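Subject: Structure handover and notes

Hello,

Here is the structure for your files. My notes on what was found follow below it.

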Amino acid sequence: MENKQPPSYGMIQLSRSSIGGTGTALFGSSIMHNDVIRLTISNGFMEREDSQDNYYAKTSRKNCIVEVDMSYTQFAEAITSLNMGDGVPVTITNIGGQPVPKCPYEDKQKMMRKEVEDAADDIARNLIKDAAEVKKLLDEKRVLSKSDREWIVNVLKDAGQRLSSDIPFLNELFQEQMDKTVSEAKGEFESYLQNKMNSIALEALAGRIADDGIRPTVNMIPGAEEQVQDGLLDADEQEGGMQMNM
């Protein structure tokens with residue numbers, strides 16, 4: 001048996017992983033996750049035996065080059081969004097066999113809500129300040145000059161612009177984040193449900209095949225039609241297509 005393991009040999013593995021408790025935070029995601037797609041790249045080696053090449057990953061933890069976790073949505077984006085932008089966020093969990101500190105969780109809804117509230121407070125402070133300056137000007141001058149009147153008009157225009165543009169814009173961003181969070185949670189649930197259904201279906205199918213077996217039929221036997229005409233096949237063998245007794 002021949003064994004080769006130059007530094008350029010590597011193995012990549014994709015797997016589904018379940019995380020208990022409250023789940024884990026993922027970079028670029030606004031929800032917690034209990035199920036992730038894990039991608040692992042490790043050092044590899046090849047063994048040649050009986051004229052065949054067999055490829056293996058070095059299982060030692062130190063031979064793990066990098067390990068990342070992705071949500072189902074991020075995984076789908078990664079394989080369908082080639083050559084787009086800087087890529088798709090992933091959460092690094094291991095580099096060179098050394099675990100990486102957990103990704104911190106940020107509640108995007110709370111973050112956006114605070115930003116909207118801070119922006120509203122800032123606008124309110126500016127309006128109070130402008131109102132105090134206008135009142136001071138009116139108290140000090142019985143007759144306003146042209147420049148004074150223009151200044152007052154500009155103050156009012158600026159206040160109106162902030163009220164009509166800044167708050168609605170931030171509110172729109174908040175709503176977009178809410179929609180994104182709901183859509184992400186829905187996508188994660190649908191992906192998890194689909195994978196679960198596929199697993200259950202495959203397990204059930206494998207169990208039926210193991211219990212009943214698959215019987216060859218006319219379409220699977222060369223020259224079967226001629227044999228049927230000659231009466232050489234039994235009735236069970238004359239049923240068309242592949243059948244499983246379920």
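How many residues lie between E6 and E7 in the hairpin, and which residue in the turn has a positive phi? Two residues separate the strands of this hairpin, and the one with positive phi is Gly 96, at about 60 degrees. Please keep in mind throughout that this is a predicted model.

Overall make-up

The protein contains nine strands and four helices. Their order along the sequence is β-β-β-β-β-α-β-β-α-α-β-α-β. Of the 246 residues, 22% are buried. Among contacts with a separation of 6 or more, 63% are between residues 24 or more positions apart. The exposed surface comes to about 17,300 Å², of which 54% is supplied by carbon and sulfur atoms.

Strands E5, E6 and E7

The hairpin strands E6 (residues 91-95) and E7 (residues 98-99) are antiparallel and share two bridges. Ile 95 has Gln 98 in E7 as its bridge partner. E6 also pairs with strand E5 (residues 64-70), again in the antiparallel sense, through four bridges. Here Val 68 is matched with Ile 92 of E6.

Glu 67 is also part of strand E5. This residue counts as buried because its relative accessible area is 9%, and the cut-off for buried is under 20%. The side chain of Glu 67 has a polar contact with the side chain of Thr 40, at 3.4 Å. Beyond its neighbours within four places in sequence, Glu 67 is in contact with Arg 38, Leu 39, Thr 40 and Arg 61, and also with Thr 91, Ile 92, Thr 93 and Asn 94. From Glu 67 to Gly 97 the C-alpha to C-alpha distance is 8.9 Å, with 30 residues of sequence separation.

Salt bridges

The structure has seven salt bridges. Side chains of opposite charge can pair when their charged atoms come close. Three of the pairs are described here, beginning with those in helix H2.

Asp 118 and Lys 114 form a salt bridge in which the closest N and O atoms are 2.9 Å apart. Both residues belong to helix H2 (residues 108-140), and since they are four residues apart, about one helical turn separates them. Asp 118 has a relative accessibility of 36%, so it is classed as partly exposed.

Lys 135 and Asp 139 make another salt bridge, with an N to O distance of 3.0 Å. The spacing is again four residues within H2, so about one helical turn lies between Lys 135 and Asp 139. Both Lys 135 and Asp 139 are exposed.

Asp 148 and Lys 141 are joined by a salt bridge as well, with the closest N and O atoms 2.8 Å apart. Is Asp 148 buried or exposed? Asp 148 is buried, because its relative accessible area is 10% and the limit is under 20%. Lys 141, at 36% relative accessible area, is partly exposed.

Cysteines

How many disulfides are there? The count is zero. A disulfide is a covalent bond between the sulfur atoms of two cysteines. Two cysteines can be described by their accessibility: Cys 64 is buried, with a relative accessible area of 4%, while Cys 103 counts as partly exposed at 22%. Cys 103 is not classed as buried because buried requires a value under 20%, and the value for Cys 103 is 22%.

Ser 29

Where is Ser 29 placed? Ser 29 sits in the loop between strand E2 (10-18) and strand E3 (35-49). Its relative accessibility is 7%, so Ser 29 counts as buried. The Ser 29 side chain reaches the backbone nitrogen of Ile 31 at 3.5 Å. Setting aside neighbours within four places in sequence, Ser 29 has contacts with Gln 74 and Glu 184.

Regards

Conventions
Residues are numbered from 1 along each chain as its sequence is written. This is a predicted model: local features need pLDDT of at least 70, side-chain atom pairs count only at pLDDT 80 or more; totals for chains, interfaces and linings use all residues. Side-chain values use heavy atoms; hydrogens and water are left out. Buried means under 20% relative accessible area, exposed over 50%, partly exposed in between (1.4 Å probe, protein chains only). A polar contact is a pair of N or O atoms within 3.5 Å; within protein, one must be able to donate a hydrogen and the other to accept it, and residues adjacent in sequence count only if both atoms are side-chain atoms. Contact means heavy atoms within 4.5 Å. Accessible areas come from the Shrake-Rupley method with a 1.4 Å probe; for residues, only the protein chains shown count as cover. A salt bridge is a side-chain nitrogen of Lys or Arg within 4 Å of a carboxyl oxygen of Asp or Glu. Two strands pair if DSSP finds at least two bridges between them. A disulfide is a pair of cysteine sulfur atoms within 2.5 Å.
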